[in-house]
Amino acid sequence: MMKITKIEPQKRRKNRWSIFINGEFSFGISADDLYHLGLKEGQIIEKKELKYIEDTILYTKGKDKALHLLSYRSRTEKEIRQRLYQESYPKRVIDRIVDFLYKYSFLDDKVFAEQFVKSKMQGKPMGKKMLVYQLEQKGLSKDIAEIVIAKQDINEVEAAYQLIKKRVNIMNITEFTLKEKQRVYNYLQRRGFSYDSIYQVLDKLEKNIQENSN
């Protein structure tokens with residue numbers, strides 16, 4: 001026997017309620033759906049009723065939520081799962097939604113990675129190591145991240161040089177001091193550029209500064 005033992009408002013999600021069955025959290029639902037379904041504490045709920053709620057109301061609302069998120073920008077499977085989990089959708093419903101998104105190509109980790117890399121390199125460039133790390137944080141495998149990045153036309157030295165030029169006014173520097181070199185090195189290292197790329201940038205900066213000071 002399944003019994004609704006508690007219904008309470010969610011603290012972080014306005015107009016959403018948490019439903020507990022037999023003392024355990026079961027799913028989250030909107031205030032409107034809660035009203036229309038007429039769910040109440042102490043109510044006995046049959047398996048077929050719970051299945052109906054999951055297969056129709058929760059699945060439809062969750063799918064619409066996922067598509068709404070994807071309408072703004074591409075996202076990874078991990079990001080979609082996290083957002084649906086935050087709104088208290090059951091795992092089995094989330095699994096079904098993710099399957100739908102893959103089936104109709106709304107989710108594609110390689111496409112996401114390509115768009116992510118292009119966006120980052122056009123804005124505030126970073127090294128390949130940092131790109132791989134950030135893609136992994138978004139739920140992509142290291143293999144996929146490295147394959148996608150390897151296919152991109154990324155010139156780390158040029159990207160790092162153009163980035164640092166925005167921070168160092170070469171025309172106003174007459175001497176490239178050890179302290180200044182260390183600052184540049186640390187900054188580019190934090191941005192994920194390789195040691196080889198950083199040293200090439202330092203050499204290029206030093207040559208340009210020497211030329212401007214002569």
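The overall form, the nonpolar cores and several individual residues of a predicted protein model are described below.

In the predicted model, the secondary structure of the protein chain consists of 10 helices and three strands. Along the sequence these elements are arranged in the order β-β-β-α-α-α-α-α-α-α-α-α-α. The radius of gyration of the protein chain is 26 Å, whereas the globule rule gives 17 Å for 214 residues; the protein chain is therefore more spread out than a compact globule. The C-alpha trace extends over about 85 × 35 × 25 Å along its principal axes.

Of the 214 residues in the protein chain, 41% are classed as buried. Among contacts with a separation of 6 or more, 57% are between residues 24 or more positions apart. The exposed area of the protein chain is about 13300 Å², and 48% of this area is supplied by carbon and sulfur atoms. The protein chain carries 42 positive and 30 negative charges, and the mean positions of the two sets lie 4 Å apart.

The largest nonpolar core comprises 27 residues, and the residues with the most contacts inside this core are Ile 19, Ile 21, Phe 27, Ile 80 and Leu 101. Two or more residues are given to the core by each of E1, E2, strand E3 (24-30), helix H2 (47-72), H3 and H4. Helix H2 provides the largest share, with seven residues. Apart from this core lies another, of 17 residues, which includes Leu 163, Ile 164, Tyr 185 and Phe 193. Within the 27-residue core, Ile 80 was examined further. When neighbours within four places in sequence are left aside, the contacts of Ile 80 are with Ala 66, Leu 69, Leu 70, Arg 75, Leu 101 and Leu 107.

Helix H3 also contains Glu 79. The relative accessible area of Glu 79 is 11%, and the residue is therefore classed as buried, the cut-off being under 20%. Beyond residues up to four places away in sequence, Glu 79 touches Arg 73, Ser 74, Phe 112 and Lys 138.

The loop between helix H3 (77-86) and helix H4 (91-103) contains Glu 87. Tyr 89 is likewise placed in the loop between H3 and H4. Glu 87 is buried, with a relative accessible area of 8%, and Tyr 89 is buried at 5%. Not counting residues up to four places away in sequence, Glu 87 is in contact with Gln 10, Arg 13, Arg 16, Gly 28 and Lys 65. With residues up to four places away again excluded, Tyr 89 touches Arg 16, Leu 58, Lys 61, Gly 62, Leu 84 and Ile 94. Arg 16 thus appears in the contact lists of both Glu 87 and Tyr 89. Two C-alpha separations place these loop residues relative to other parts of the chain. Glu 87 and Val 157 are 70 residues apart along the chain, and their C-alpha atoms are separated by 43 Å. For Tyr 89 and Glu 46, which are 43 residues apart along the chain, the C-alpha separation is 19 Å.

Among the strands, E3 contains Glu 24. This residue has a relative accessible area of 57% and is therefore classed as exposed, for which the cut-off is over 50%. The C-alpha atoms of Glu 24 and Thr 5 are 8.3 Å apart in space, while the two residues are 19 apart in sequence.

Backbone geometry was considered at two loop positions. Most residues other than glycine have a negative phi. Asn 15 is not a glycine but has a positive phi of about 65 degrees. Asn 15 is located in the loop between strand E1 (4-9) and strand E2 (16-21), and its relative accessibility of 53% classes the residue as exposed. Ser 105, also not a glycine, has a positive phi of about 60 degrees. The loop between H4 and helix H5 (109-122) holds Ser 105, which counts as exposed at 60% relative accessibility.

Conventions. Residues numbered from 1 in each chain as written. Predicted model: local features only at pLDDT ≥ 70, side-chain atom pairs only at ≥ 80, totals over all residues. Heavy atoms only, no water. Helix = DSSP H or I, 4+ residues; strand = E, 2+ residues; numbered from the N terminus. Rg over C-alpha atoms; globule rule 2.2 N^0.38 Å. Buried < 20%, exposed > 50% of the residue type's maximum accessible area, 1.4 Å probe, protein only. Contact = heavy atoms within 4.5 Å. Areas by Shrake-Rupley, 256 points an atom, 1.4 Å probe, with all protein chains shown as cover. Lys, Arg positive; Asp, Glu negative; His and termini not counted. Charge placed at Lys NZ, Arg CZ, Asp CG, Glu CD. Core = buried A, V, L, I, M, F, W, Y, C linked by side-chain atoms within 4.5 Å.
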